Amino acid sequence: MKNMRTRQAWSFKRNLLIVMIVVLLGLGTVIYSLADRYLIEHVEVAAADDTAAASPSTAATTAAALAEVNAASDDWNYSSDDIQIRIDQVQTGSGTDQITYFVADVVLKDASSLRSAFADNSFGTNITEDTSEIASSNNAIFAINGDYYGFRNDGVIIRNGTVYRDDPVRDAMALFGDGTMQTYNEEEVSSSDLLAQGAANTLSFGPILIQDGKIASDFSNVKIDTNFGNRSIQDANPRTAVGMIAPNHYVFVVVDGRSEGYSRGMTLTELANVMSDLGATEAYNLDGGGSSTMYFMGRVVNNPQGKNQERGVSDILYIKEGATS
């Protein structure tokens with residue numbers, strides 16, 4: 001009887017150990033899968049290098065290039081033969097209802113001055129740098145965060161004329177070589193058609209705010225993706241948006257938020273109304289929340305995350321001189 005009890009005890013312990021091992025292996029697999037999806041860098045393609053090393057010779061070259069195009073600037077304005085940028089800070093409301101946002105009115109001589117760049121000059125997942133870091137590496141005059149393509153594994157991603165991803169799922173936005181901007185449904189317009197029409201960059205986030213001069217009618221059921229950790233996109237949040245007033249005349253808006261008494265953020269409806277009031281005939285919502293950042297002449301203009309603290313992103317849109325050279 002004693003031996004039987006001993007065998008039963010050992011059998012129980014052995015089975016318990018097996019169960020514990022299976023559970024630990026399962027947890028390990030889940031943890032690794034989450035880390036692989038959201039933390040571990042995966043470089044798929046090294047992008048064409050548009051950066052310049054930060055060196056005295058580069059600084060001298062940049063200064064000479066700016067002098068050549070008669071560039072002048074202050075904290076809120078930039079003017080040259082090819083680029084005009086004016087940034088305004090706007091505040092509305094008061095107390096808990098106060099909203100603070102920044103509007104950059106940009107006029108270009110050539111659409112090639114508006115470009116995109118990847119974090120670490122690489123396309124893939126979980127590759128991030130601050131907007132200001134990517135902008136500085138690319139000698140940007142002005143920049144905003146992009147669509148954070150690396151947080152998703154779908155969408156149509158064309159950057160600087162190269163197709164990096166072609167998995168159409170949502171409403172998107174394209175910037176063309178003639179200085180125009182078009183919002184469209186990825187499932188209705190192919191990447192080959194976009195390239196044939198002269199698309200230089202596409203961004204896949206959304207929603208469309210203004211299309212053909214009209215505000216999109218309903219933002220109540222917008223869903224960008226179902227990734228772990230997403231917040232509701234309908235609430236008042238920090239925002240980033242891009243719009244076109246006319247060919248080569250763009251407007252970029254970055255809204256601060258989540259900072260009581262300074263800025264609560266905007267709803268999508270409020271953002272669409274702002275873009276409409278600014279004269280945008282096409283407008284598109286980009287990645288927001290902690291990503292929302294506006295960079296100008298070496299400084300971050302807005303207050304990211306309500307803490308003056310940038311969050312790493314996978315890509316930016318930026319303006320630079322001599323982009324075609």
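The paragraphs below walk through a predicted model, beginning with its open sheet and ending with one serine in a loop.

Residues are numbered from 1 along each chain as its sequence is written. Because the model is predicted, local features need pLDDT of at least 70 and side-chain atom pairs count only at pLDDT 80 or more, while totals for chains, interfaces and linings use all residues, and side-chain values use heavy atoms, with hydrogens and water left out.

Helices and strands here are DSSP runs numbered from the N terminus (H or I over at least four residues for a helix, E over at least two for a strand), and two strands pair if DSSP finds at least two bridges between them. An open sheet of nine strands follows the order β2-β3-β4-β5-β17-β16-β18-β14-β15, and its pairing is antiparallel. At its edges stand β2 (72-73) and β15 (214-215), each with a single partner strand, so one side of each has no neighbour in the sheet. For β2, two bridges lead to strand β3 (residues 77-79), the two strands running antiparallel, and in this pair S73 stands opposite Y78.

Further along the sheet, β18 (282-286) pairs in the antiparallel sense with β14 over two bridges, where I208 stands opposite Y284. Five bridges join β18 to β16, again antiparallel, and the bridge partner of G243 is A283 in β18. Five of the five residues of β18 are buried, where buried means under 20% relative accessible area, exposed means over 50% and partly exposed lies in between (1.4 Å probe, protein chains only). In a regular strand the side chains alternate between the two faces of the sheet. In β18, E282, Y284 and L286 point one way, whereas A283 and N285 point the other way. Helix α5 (residues 268-277) lies across several strands, including β5, β14 and β18, and runs at about 35 degrees to β14; such angles run from 0 to 180 degrees between N-to-C directions, with axes fitted to C-alpha atoms, for helices over the stretch in contact.

A nonpolar core is a set of buried Ala, Val, Leu, Ile, Met, Phe, Trp, Tyr and Cys residues joined through side-chain atoms within 4.5 Å. The largest such core has 60 residues, and Y284, M275 and M294 are among those with the most contacts inside it. Its largest share, seven residues, comes from strand β5 (residues 99-108). A second, separate core of eleven residues includes A135, A140, A143 and Y318.

Y318 leads to strand β21 (residues 315-319), in which five of the five residues are buried, so the strand is largely enclosed by the rest of the structure. Here D315, L317 and I319 point one way, while I316 and Y318 point the other. Strand β6 (residues 114-118) pairs with β21 in the antiparallel sense over five bridges, with L114 opposite I319. Strand β8 (residues 142-145) is joined to β21 by four bridges, also antiparallel, and N145 has I316 as its bridge partner.

S314 is found in the loop between β20 (299-300) and β21, and at 1% relative accessibility S314 counts as buried. The C-alpha atoms of S314 and Y149 are separated by 6.6 Å, although these residues are 165 residues apart along the chain. The side chain of S314 reaches the backbone nitrogen of Y149 at 3.2 Å and that of G150 at 3.3 Å.

Note on methods
Contact = heavy atoms within 4.5 Å. Polar contact = N/O pair within 3.5 Å; in protein donor to acceptor, adjacent residues only side chain to side chain.
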